[in-house]
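Visitor: I would like to learn how to read a protein model step by step. Could you take me through one, giving the general idea before each case?

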Amino acid sequence: MSVRFYDENAEAFFAGTVNADMSGARSRFLANVALKGHILDAGCGSGRDALAFTNSGFRVTAFDASAEMVRLAADHTHLPILHMTFEEVAWDGEFDGVWASASLLHVPRANLARAIAALAKALRPGGTFYVSMKQGDEERSVEGRLFTDVSEEEMSQLLQAAGLAIVELWISADVRPGRGDEHWVNGIAQKRA
Ligand SMILES: C[S@@+](CC[C@H](N)C(=O)[O-])C[C@H]1O[C@@H](n2cnc3c(N)ncnc32)[C@H](O)[C@@H]1O
């Protein structure tokens with residue numbers, strides 16, 4: 001259901017997020033990724049972070065489930081953005097880093113462990129995973145999008161169940177203007193060697 005929302009509201013969503021300042025989280029993630037390593041941007045939206053990683057010297061593969069977001073992200077980044085879903089992820093040991101910013105939050109809670117396990121499998125041993133989801137305990141349907149909210153504890157359990165060791169977990173306020181009262185759970189975790 002959420003993908004249709006992005007297809008129908010792609011231009012507005014792109015405009016509202018392409019300049020969001022995610023530099024703090026990106027720096028914390030990149031501090032744990034091998035220089036010039038290969039990063040997977042999973043549910044890349046506007047392509048903002050895929051472009052930033054490319055400009056920092058990393059090799060990037062990115063995908064999104066919304067055909068319209070894929071088109072806008074490809075225009076913005078000049079990268080070949082894959083049109084696919086979390087459910088189709090089948091890489092094995094390919095990436096030094098997997099970045100899932102505000103994207104897994106649209107996966108129903110019942111499917112979350114499986115989606116995170118597939119992304120963890122896509123990492124090389126020692127590779128680093130970043131995830132952010134909204135803080136809470138509900139599964140909500142809001143104007144055509146499903147949101148699965150998590151607590152720090154649930155995030156920690158999900159990452160560890162996927163064979164990842166927690167590096168750090170933190171809560172952040174939304175970086176978009178006027179949205180500072182929304183809170184996000186951020187996690188960085190490493191695949192065991
Ligand atoms: C809130 S946006 C976040 C986009 C971007 N990562 C960012 O941080 O700005 C969520 C993105 O996840 C994508 N998405 C939703 N469900 C997905 C799925 N099952 N597989 C892959 N991408 C999905 C949407 O199309 C949308 O671009």
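Visitor: Which atom of the ligand lies 2.6 Å from a polar side-chain atom of Asp 64?

Guide: For a polar contact one looks for a pair of N or O atoms within 3.5 Å. In this predicted model, the partner of the polar side-chain atom of Asp 64 is an oxygen atom of the ligand, at 2.6 Å. Backbone atoms take part as well: a backbone N or O atom of Gly 43 lies 2.7 Å from a nitrogen atom of the ligand, and a polar backbone atom of Phe 86 is 3.0 Å from a nitrogen atom of the ligand.

Visitor: How much of the ligand's accessible area does the protein cover?

Guide: On its own the ligand has 600 Å² of accessible area, and the protein covers 94% of it. Of the 20 residues around the ligand, those that come nearest are Gly 43, Arg 48, Asp 64, Phe 86 and Ser 101. The shell divides into 10 nonpolar, 7 polar and 3 charged residues, and H1 and E2 each supply at least two of its residues.

Visitor: Which residues touch the most other members of the largest nonpolar core?

Guide: They are Leu 104, Leu 119 and Phe 129, in a core of 34 residues. Several elements, including strand E1 (38–42), strand E4 (95–101) and strand E5 (123–134), each supply at least two residues of this core, while the largest share, 7 residues, comes from H6. If residues up to four places away in sequence are not counted, Leu 104 touches Phe 86, Leu 112, Ala 115, Ile 116, Leu 119, Phe 129, Val 131 and Met 133. There is also a second, separate core of 20 residues, which includes Ala 25, Phe 29, Val 70 and Ala 73.

Visitor: Which residues of helix H5 are buried?

Guide: An α-helix has 3.6 residues a turn, so residues three or four places apart point the same way. In helix H5, residues 67–77, the buried residues are Met 69, Val 70, Leu 72, Ala 73 and Thr 77. Among the elements that cover them are helix H1 (2–8), helix H4 (48–55) and strand E2 (59–64). After H5 comes His 78, whose phi is positive, near 60°.

Visitor: Why is Arg 71 classed as partly exposed?

Guide: Arg 71 is found in helix H5. The class between buried and exposed runs from 20% to 50% relative accessible area, and Arg 71 is partly exposed because its relative accessible area is 37%.

Notes:
Residues are numbered from 1 along each chain as its sequence is written. This is a predicted model: local features need pLDDT of at least 70, side-chain atom pairs count only at pLDDT 80 or more; totals for chains, interfaces and linings use all residues. Side-chain values use heavy atoms; hydrogens and water are left out. A nonpolar core is a set of buried Ala, Val, Leu, Ile, Met, Phe, Trp, Tyr and Cys residues joined through side-chain atoms within 4.5 Å. Buried means under 20% relative accessible area, exposed over 50%, partly exposed in between (1.4 Å probe, protein chains only). Helices (H or I, at least four residues) and strands (E, at least two) are DSSP runs, numbered from the N terminus. Contact means heavy atoms within 4.5 Å. A residue is near a molecule or strand if one of its heavy atoms lies within 4 Å of it. A polar contact is a pair of N or O atoms within 3.5 Å; within protein, one must be able to donate a hydrogen and the other to accept it, and residues adjacent in sequence count only if both atoms are side-chain atoms. Accessible areas come from the Shrake-Rupley method with a 1.4 Å probe; for residues, only the protein chains shown count as cover. Ala, Val, Leu, Ile, Met, Phe, Trp, Tyr, Cys and Pro count as nonpolar, Asp, Glu, Lys and Arg as charged, and the others, Gly among them, as polar.
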